[in-house]
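Subject: Structure for your review

Dear colleague,

Please find below the sequence and the structure that I am handing over to you. My notes on the findings come after them.

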Amino acid sequence: MHISEGVLSTSVLFTGAILSIAGLALGLRRIRNADIPKVAVLSSAFFVASLIHIPIGPSSAHLVLNGLVGVLLGWAAFPSIFVGLILQALVFQFGGLTTLGVNTFAMAMPGVVVYFAFKKFIKKGRNTAFIGGVLAGASAIILSAVLISIALLETEKSFIGIAGTFLAVHLPIALIEGIITGFVVVYLKKVKPEALG
């Protein structure tokens, strides 16, 4: 899901940085002291999920969990995912520092979108909450893949083949993450419902 250094144009990198700074500012304003442990745990989950690779054809893709992070944090998904991406860039060279803005926006904004789109579903009964979680997890991955594809196409129109492949590769990941998010939402609803807001 990460875009590496040297791929995107300066204008796309700049736009991604500005959008992410705005998202980070909104996210940081909404984090209360009591929320910090939850944000840290979800940053850790986001970081570790990138190490779980799923073979898809001749290649592989990794889990992201941005839908789960978004459902549980809303706007605070921006700082949570930003911290995870910095660590991934520094420790594993996933993505890069110049692409941090684009990668943060592409993964955090879908989390915020699914938070607002599915929070009413998640607060209802267990079956509806599970469906809401599945849709949130899957939708976040698809939206992220779309945003990354747009960044690639805004840089160079000849990237259309790569963008199409990128979208196709992430459809199975969307299904897997949807199921994971659905089960986590139902579990939290049973043991710690206040975590769902």
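The notes below deal with helix packing and then with the pocket and the cavity.

Please bear in mind throughout that this is a predicted model.

Helix packing

I begin with helix 1, which spans residues 10-30. Helix 1 packs against helix 5 with the two axes 7 Å apart and an angle of about 55° between them. An angle that is neither under 35 degrees, nor over 145, nor from 65 to 115 counts as oblique, and helix 1 and helix 5 are therefore oblique to each other. Their crossing is left-handed. On the helix 1 side, the contact is made by Val12, Leu13, Gly16, Ala17, Leu19 and Ser20, and these meet Gly101, Val102, Thr104 and Phe105 of helix 5. Sorted by class, this contact comprises six nonpolar and four polar residues, with no charged residues.

Helix 5 also packs against helix 6, which covers residues 126-155. Here the axes come within 8 Å and cross at roughly 155°. Since angles over 145 degrees count as roughly antiparallel, helix 5 and helix 6 are therefore roughly antiparallel to each other. The crossing of helix 5 with helix 6 is right-handed. The residues in this contact are 18 nonpolar and six polar, and again none is charged.

A further pairing joins helix 3 to helix 6, with axes that come within 7 Å and a crossing angle of roughly 115°. This crossing, too, is right-handed. Asn66, Gly67 and Val71 are the helix 3 residues involved, and their partners in helix 6 are Ala136, Gly137, Ala140, Ile141 and Ser144. The contact of helix 3 with helix 6 divides into four nonpolar and four polar residues, without any charged ones.

The largest pocket

What is the volume of the largest pocket? The computed value is about 290 Å³. The lining consists of 18 residues, and those closest to the pocket centre are Asp35, Leu72, Leu73, Gly74 and Tyr115. Three elements each give two or more residues to this lining, namely helix 2 (36-49), helix 3 (66-73) and helix 5 (100-122). Of these, helix 3 gives the most, with three residues. As to class, the pocket lining holds eleven nonpolar, two polar and five charged residues.

The cavity

How many cavities of 30 Å³ or more does a search of the whole structure find? The search returns one, and the largest cavity has a volume of about 30 Å³. Val71, Tyr115, Lys119, Ile122, Lys123 and Leu196 line this cavity. Helix 5 supplies the largest share of the cavity lining, with three residues. Four of the lining residues are nonpolar and two are charged, while no polar residue takes part.

Two residues of the cavity lining also appear elsewhere in these notes. Val71 lines the cavity and is one of the helix 3 residues that meet helix 6. Tyr115 lines the cavity and is also among the residues closest to the centre of the largest pocket.

With kind regards

Conventions:
Residues numbered from 1 in each chain as written. Predicted model: local features only at pLDDT ≥ 70, side-chain atom pairs only at ≥ 80, totals over all residues. Heavy atoms only, no water. 1 Å grid on protein atoms, 1.4 Å probe; cavity = no way out; pocket = protein on both sides within 12 Å on 5 of 7 lines; lining within 4 Å. Points joined across faces, edges and corners; volume = space filled by probe spheres on them. Helix = DSSP H or I, 4+ residues; strand = E, 2+ residues; numbered from the N terminus. Nonpolar A, V, L, I, M, F, W, Y, C, P; charged D, E, K, R; others polar. Axes fitted to C-alpha atoms, helices over the stretch in contact; angles between N-to-C directions. Left-handed = near helix turned anticlockwise from the far one by under 90°. Contact = heavy atoms within 4.5 Å.
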